[in-house]
Amino acid sequence: MTDTDGIAGSALSDADLLRELEVLHSTRHETFRHAAEQALDEHTRRTAALEAEYLLRFPDREIDPLRTRFGSRAAGGDPDPAEVSPAVRTGAEQPWDPEDLAVAEGRDPTPANIERAKRELAAEGPAAIERTVP
């Protein structure tokens, strides 16, 4: 570490770590848009290091429900997709037909596309679905 790297995150108090992160986050946009490549690289490195330190110290940090997909949908008045139509398929936790996979990949369910999807499902299993519909 050089004297320009700043104090290691592990050596900062909780208050100083939070203050440093606030400064980095508040300057990110301007750095990203207008700083020299070396400055952007250093900003990115320092932000990643301090964020990693924060997550080590606070692994059970408070998650704002409105910052989750389900919470923001509920706050916006959108119903839970599972309640709208039980036939809606998302994720690999349920069985998928080759035709379903072909359509999810944006292909017409032609015999050739269904056969291709069948081979993908046989070769990759749930990974073929998660790649397409995470």
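These are my notebook entries on what I looked up in this structure.

**Entry: ground rules**

I am working with a predicted model, in which local features need pLDDT of at least 70 and side-chain atom pairs count only at pLDDT 80 or more, while totals for chains, interfaces and linings use all residues. Residues are numbered from 1 along each chain as its sequence is written, and side-chain values use heavy atoms, with hydrogens and water left out.

**Entry: the chain as a whole**

I looked up the secondary structure of the protein chain and found seven helices and zero strands, where helices (H or I, at least four residues) and strands (E, at least two) are DSSP runs numbered from the N terminus. Read from the N terminus, the order of elements is α-α-α-α-α-α-α.

I then looked up burial, for which buried means under 20% relative accessible area, exposed means over 50%, and partly exposed lies in between (1.4 Å probe, protein chains only). Of the 134 residues in the protein chain, 20% are buried. The accessible surface of the chain is about 9700 Å², and carbon and sulfur atoms account for 55% of that surface; such areas come from the Shrake-Rupley method with a 1.4 Å probe, and for residues only the protein chains shown count as cover.

For contacts, meaning heavy atoms within 4.5 Å, I took the pairs of residues at least 6 apart in sequence, and 50% of these contacts join residues at least 24 apart.

**Entry: helix α1 and Thr31**

Does the length of α1 agree or disagree with its number of residues? The expected span of a helix is 1.5 Å times one less than its number of residues, and for the 21 residues of α1 (residues 14-34) this gives 30 Å, which agrees with the 30 Å between its end C-alpha atoms. I also noted a kink of about 45 degrees in α1, centred on Arg28, the bend at a residue being the angle between axes fitted to the seven residues ending there and the seven starting there.

The buried residues in α1 are Leu17, Leu21, Leu24 and Thr31, and the buried residues of this helix pack against α2 (37-57). I followed Thr31 further: its relative accessibility is 13%, so Thr31 counts as buried, and, leaving aside neighbours within four places in sequence, Thr31 is in contact with Ala39, Leu40 and His43.

**Entry: Glu53 and the aromatic pair**

Glu53 is a residue of helix α2, and I looked up whether it is buried or exposed. With a relative accessible area of 14%, Glu53 is buried. Its side chain makes a polar contact of 2.8 Å with the side chain of Arg57, where a polar contact is a pair of N or O atoms within 3.5 Å; within protein, one must be able to donate a hydrogen and the other to accept it, and residues adjacent in sequence count only if both atoms are side-chain atoms. Setting aside neighbours within four places in sequence, Glu53 is in contact with Gly9, Ser10 and Leu17.

My search of the whole structure for aromatic pairs gave one. Its rings belong to Tyr54 and Phe58, with centres 4.7 Å apart and planes at 40 degrees, so the pair is tilted. By the rule used, rings of Phe, Tyr and Trp (its six-membered ring) pair if their centres lie within 6.5 Å, and planes under 30 degrees apart count as stacked, over 60 as edge-to-face and the rest as tilted. Tyr54 is partly exposed at 22% relative accessibility, and Phe58 is partly exposed at 26%.

**Entry: Arg107, Ala128 and Arg131**

Where is Arg107 placed? I found Arg107 in the loop between α5 (98-104) and α6 (111-124), partly exposed with a relative accessible area of 28%. The side chains of Arg107 and Glu105 are joined by a polar contact of 3.1 Å, and beyond the neighbours within four places in sequence Arg107 is in contact with Ala102, Asn113 and Arg116.

Ala128 lies in helix α7 (residues 126-132) and is buried, at 0% relative accessibility. Its C-alpha atom is 8.2 Å from that of Leu101, although the two residues are 27 apart along the chain. Apart from neighbours within four places in sequence, Ala128 is in contact with Leu101, Glu120 and Leu121.

Arg131 also lies in helix α7, but is partly exposed, with a relative accessible area of 47%. Not counting residues up to four places away in sequence, Arg131 touches Glu105, Glu120 and Glu124. Arg131 and Glu105 are 26 residues apart in sequence, and their C-alpha atoms are 9.6 Å apart.
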